[in-house]
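This report deals with the nonpolar cores of a model, one helix and one strand residue.

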Amino acid sequence: MVARLGIVDLGSNTARLVVFQYEPGSWFQILDGIREPVRLGERLGRGHELTPQAIDRGLAALRLFGDYARTTELDRLEVIGTSALRDARNSVEFMRRIRELEVEVSVLTGEEEAQLGVAAVANSFAFPHAWVADLGGGSVQVSVMRDRLYESGRAFPLGSLRMKEAHPLSDPPRKREVRQIERTVAAELTGVARRIASRDWPIVAMGGAVRNLARASQERRKDVLGILHGFRFSREALEEITGLLLGMTEAERAAVPGLNPDRADLIVHAALIFRWLLASTGRDELLISGQGVREGVFYRRFLPPPHLIEDVRRFSVENLQRQWGQSLPHVDRVVELADRLFVELQPLHGLGEASRGLLEAAGRLHDIGMAVDYNRHHKHGAYLARSLPLPGYSRREQALIALLVRYHRKGLPRLGRFRRLAERGDARRLQQLAACLRLAEQLERSRSGRVTGVSATIGRKRVRIEVAAREEPTVELWEASKHADLFERAFSLPLDLRAVSPPDEPPPARRS
């Protein structure tokens with residue numbers, strides 16, 4: 001049964017509502033989101049109490065979210081509180097006023113917050129171990145993920161809003177102020193930095209501030225993909241954007257493309273924290289997570305214990321596939337035929353399992369553009385495949401998948417602007433995989449499933465592909481033959497297509 005869940009993260013700097021539509025254990029999508037800069041942790045470090053103004057802003061945001069939940073008839077609204085509500089002496093009074101709004105808030109411990117951040121990483125990246133650094137307004141959580149599970153974590157009082165309150169900056173900042181911030185960060189994080197340096201696991205960074213920094217860097221460097229989740233934020237790029245911000249006034253920072261103007265007064269503190277972390281650990285990059293604590297809460301509703309997606313890469317493809325409805329029998333047959341062609345032609349292309357996986361992913365997504373329109377559906381589908389996150393895949397892999405969707409129907413496959421993400425041999429790889437996918441699509445052109453298999457005989461002067469079919473596949477052979485030129489360009493041999501009667505039972509696909 002499809003449900004709609006609203007999750008509110010009442011943070012020290014911002015309050016954010018995200019609405020998920022989902023079928024438990026099957027698929028999900030984000031339907032809506034509202035962000036309010038409540039500054040709940042404002043001046044908290046000085047008086048250890050929420051100010052009346054901050055309380056009013058927090059209550060106003062919760063009224064807004066509650067009204068949204070009622071008018072849109074959400075099945076459930078969950079509200080979580082983090083550092084500001086944990087640390088404030090008068091949080092009990094604030095919670096009483098919240099209950100008057102008929103809203104329940106769960107205040108997370110530091111460890112619970114860290115666990116939820118790890119859950120988000122475990123379900124949206126395809127590696128088993130990581131360091132997770134979640135920078136909020138009140139604190140930074142640094143956690144260990146081992147074997148996709150939370151192992152340990154600790155909260156440090158280095159949130160960007162808290163740091164801004166403790167270390168106000170001149171306009172623009174002065175060098176001595178920067179040095180003082182770096183000394184404060186070092187005093188808190190030197191121990192954990194040594195631990196990070198001792199294990200060569202990726203550092204996954206999450207939180208609105210670091211996403212803003214990454215987005216600003218993408219804008220500045222004219223990033224060709226533009227997706228934040230999985231973005232490799234290099235130390236060089238972080239140094240560049242930090243240096244740029246340090247030379248600006250607050251008003252100038254508010255106008256930087258990619259930055260939220262309401263973060264202009266605290267974004268420098270966030271940049272200095274992550275710059276120090278990379279420099280002190282000797283690492284070259286942060287991996288940016290587009291997911292965070294809210295998604296961690298969602299996975300606990302979406303999945304049974306231990307709340308882990310079994311195969312992140314496969315799920316992300318199937319999740320996108322289910323959101324943009326397709327004819328699943330047709331898609332399954334195209335995937336099967338493309339895979340069989342890949343295996344039969346392996347002596348020619350010499351590609352391995354990684355490329356085979358990209359071909360399967362593209363096959364599952366090749367018709368998602370049909371949700372927009374049949375005409376140009378290859379372009380509509382490519383847009384969806386490159387514009388929406390595919391958790392578990394690298395940016396290069398996602399670009400190749402999108403290009404395969406783009407060229408599954410027609411056109412000469414080219415890397416184009418994605419050449420900047422490509423590795424050596426990807427231009428050839430793209431043509432060979434596209435040839436397999438396009439032939440598979442044409443051999444299923446009637447959508448009748450009458451082509452039951454293919455086999456290839458590779459000669460010195462040509463490649464003969466025998467097409468097994470229950471009846472004469474006139475349409476399929478006619479349409480497939482129109483794309484023999486792509487096959488020849490990809491494999492440097494002409495293509496000879498022949499129809500044959502199927503064996504009693506088609507042989508299983510051989511694994512390379």
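The text below takes the cores, the helix and the strand residue in turn.

The model is predicted, so local features need pLDDT of at least 70 and side-chain atom pairs count only at pLDDT 80 or more, while totals for chains, interfaces and linings use all residues. Residues are numbered from 1 along each chain as its sequence is written, and side-chain values use heavy atoms, with hydrogens and water left out.

The largest nonpolar core (buried Ala, Val, Leu, Ile, Met, Phe, Trp, Tyr and Cys residues joined through side-chain atoms within 4.5 Å) has 55 residues. Leu-365, Ile-401, Ile-465, Val-467 and Phe-487 touch the most other members. Helix α19, residues 426-442, supplies the largest share of this core, eight residues. Another core, of 47 residues, lies apart from it and includes Ala-237, Leu-238, Met-248 and Val-256.

Helices (H or I, at least four residues) and strands (E, at least two) are DSSP runs, numbered from the N terminus. Of the 17 residues of α19, 15 are buried, that is, under 20% relative accessible area (exposed is over 50%, partly exposed in between; 1.4 Å probe, protein chains only). The expected span of a helix is 1.5 Å times one less than its number of residues; for α19 this gives 24 Å, and its end C-alpha atoms are 24 Å apart, which agrees.

Ile-203 lies in strand β9, residues 203-206, and is buried, with a relative accessible area of 3%. Its C-alpha atom is separated by 7.6 Å from that of Glu-285, 82 residues apart along the chain.

Contacts (heavy atoms within 4.5 Å) beyond four places in sequence:

| Residue | In contact with |
|---|---|
| Ile-401 | Leu-358, Ala-361, Ala-362, Leu-365, Leu-390 and Tyr-393 |
| Ile-203 | Trp-131, Ile-196, Leu-277, Leu-278, Thr-281, Arg-283, Leu-286 and Leu-287 |
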